[in-house]
Each structure stands twice: as structure tokens, then as C-alpha cells.
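User: Please examine one part of this model closely and explain how its helical packing is arranged. A single connected account would be preferable to a list.

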Amino acid sequence: EAPVGDPVWHYHPEIQLVYIKSGHVKRQVGNHISYYTAGDLLIIGPNLPHYGFISRLTKKNTEVVLQFLPSFIPRMIDTQEFRYIAQLLERSNHGISFKGKTKLQAGKLLESMDIMTPFDRLLTTLKVLNILARSEEYSLLNVGQVAIKSNQQDKERIKEIYDYVRAHFQEEIKISDLAN
């Protein structure tokens, strides 16, 4: 579990599961912007830009974050048993928000992982992925697929622009100001 802090715009090569038991904040995943209430459970595909999920406004809430590379289950992914998980990981490129019983069941497992042995964490990760893969209680967030592959310098520049727009969104923003 991560302590509550300021959210940041970022992306990374890992697939990311994020569970926030309660709270309400604006979320941005790719070109999708919305608010969630009563917590959130998301899976975000590799290099899909997203903007933090909790902030100091959520008070005592924390988030559970699990990240893994797409190569996490490389040989098994082509087997019949992992067919649904393979489809889930493919859909994760759009960002997925889970609801209802799925969110609660998978969230409870994610919360319990910090006291598990590494082997049990691995098994629980597969169990969570299977629950999410077989669920119909979800919606895709980023319908027009947005993924970014760039170097660290580009990542920092985009973050600066994003932070500037966030800080000055109530003012007129000129392209020249962003270019500077």
C-alpha cells in the first residue's frame, strides 16, 4: 500500500493493477477523464498514460498497486487455461475499470498480498487476473487506444506541460507559453 500523496501524470512499460477501497477523485487514463466514487479497481496496460488516482483530498485512503511486465506469464499465456487472462491483458491497453462484486473480491485479495510470501503473492496475482478476466462487470476507459513509447527526456517534457496546464487551466494558455 502506498501512502496518500499527490498524483502525477506518468506511463511505464508495466501493466498496473490499482485498487482504491474508497474515496472519490478525478481519474485520467489515456484520453478518458472521469470521476469515480466509492473507490476504484483499474487495470492499465503498458505505456498507457494515466494521471494519479488518489490525492491528499482522499484523507485516510490508500491505494494498492501491483505492477508486472507483459512478459510476466509468457509461455503459459498461449494455453487454454490462460486464454481469458490473455484477452484481459490485451484489453488492458484501453484501461479497464471494474465494478460490483468483481471489484470487491479482487480488491480484498490485493489488500491481503502484503502479508503473503512471494510464492503466495504470485498465485494470488494469477487468481486476481483470472477473476478480472472472467468478469463482465467492467468498462473500457480509453476507447481510442493511446500508448506512448518514448525516452526519459520526452517523459519529463510531457510531464512539465501537463503540470503547467493543470496549474493554469483557469487562465488563457498560449502555445508559446507551453513551448517555453
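Analyst: **Packing at a helix pair**

Leaving aside its neighbours within four places in sequence, valine 128 is in contact with Leu17, Ala106, Leu109 and Leu110. The model under discussion is a predicted one. Valine 128 belongs to helix α3, and its relative accessible area is 0%. Because buried denotes a relative accessible area under 20%, valine 128 is classed as buried.

The partners Ala106, Leu109 and Leu110 lead to the second helix of this account, since each of them is among the buried residues of α2. Helix α2 covers residues 100-112, which amounts to 13 residues. From its first C-alpha to its last it reaches 19 Å, close to the 18 Å expected at 1.5 Å a residue. Its buried residues are Thr102, Lys103, Ala106, Gly107, Leu109 and Leu110. Viewed down the axis of α2, these buried residues fall within an arc of 160°, so they line one face of the helix. A general point of helix geometry is relevant here: an α-helix has 3.6 residues a turn, so residues three or four places apart point the same way. The face of α2 turned away from the buried side carries the exposed residues Lys101, Leu104 and Lys108.

The cover over the buried residues of α2 involves both strands and a helix. It includes the strands β2 (15-20), β5 (40-44), β7 (63-68) and β8 (96-98), and also α3 (118-134).

The relation between the two helices can be described more precisely. The axes of α2 and α3 come within 10 Å and cross at roughly 170°. Angles over 145 degrees count as roughly antiparallel, and α2 is therefore roughly antiparallel to α3. On the α2 side, the contact is made by Thr102, Gln105, Ala106, Leu109 and Leu110. On the α3 side, Thr124, Lys127, Val128, Ile131 and Leu132 take part.

One pair of residues illustrates how the chain returns upon itself here. Valine 128 and threonine 102 are 26 residues apart in sequence, and their C-alpha atoms are 9.4 Å apart in space. Both residues are listed in the contact between α2 and α3, and threonine 102 is also one of the buried residues of α2.

Technical notes: Residues numbered from 1 in each chain as written. Predicted model: local features only at pLDDT ≥ 70, side-chain atom pairs only at ≥ 80, totals over all residues. Heavy atoms only, no water. Helix = DSSP H or I, 4+ residues; strand = E, 2+ residues; numbered from the N terminus. Expected span 1.5 Å × (residues − 1). Buried < 20%, exposed > 50% of the residue type's maximum accessible area, 1.4 Å probe, protein only. Arc of directions from axis to C-beta. Contact = heavy atoms within 4.5 Å. Axes fitted to C-alpha atoms, helices over the stretch in contact; angles between N-to-C directions. Parallel < 35°, antiparallel > 145°, perpendicular 65-115°, else oblique.
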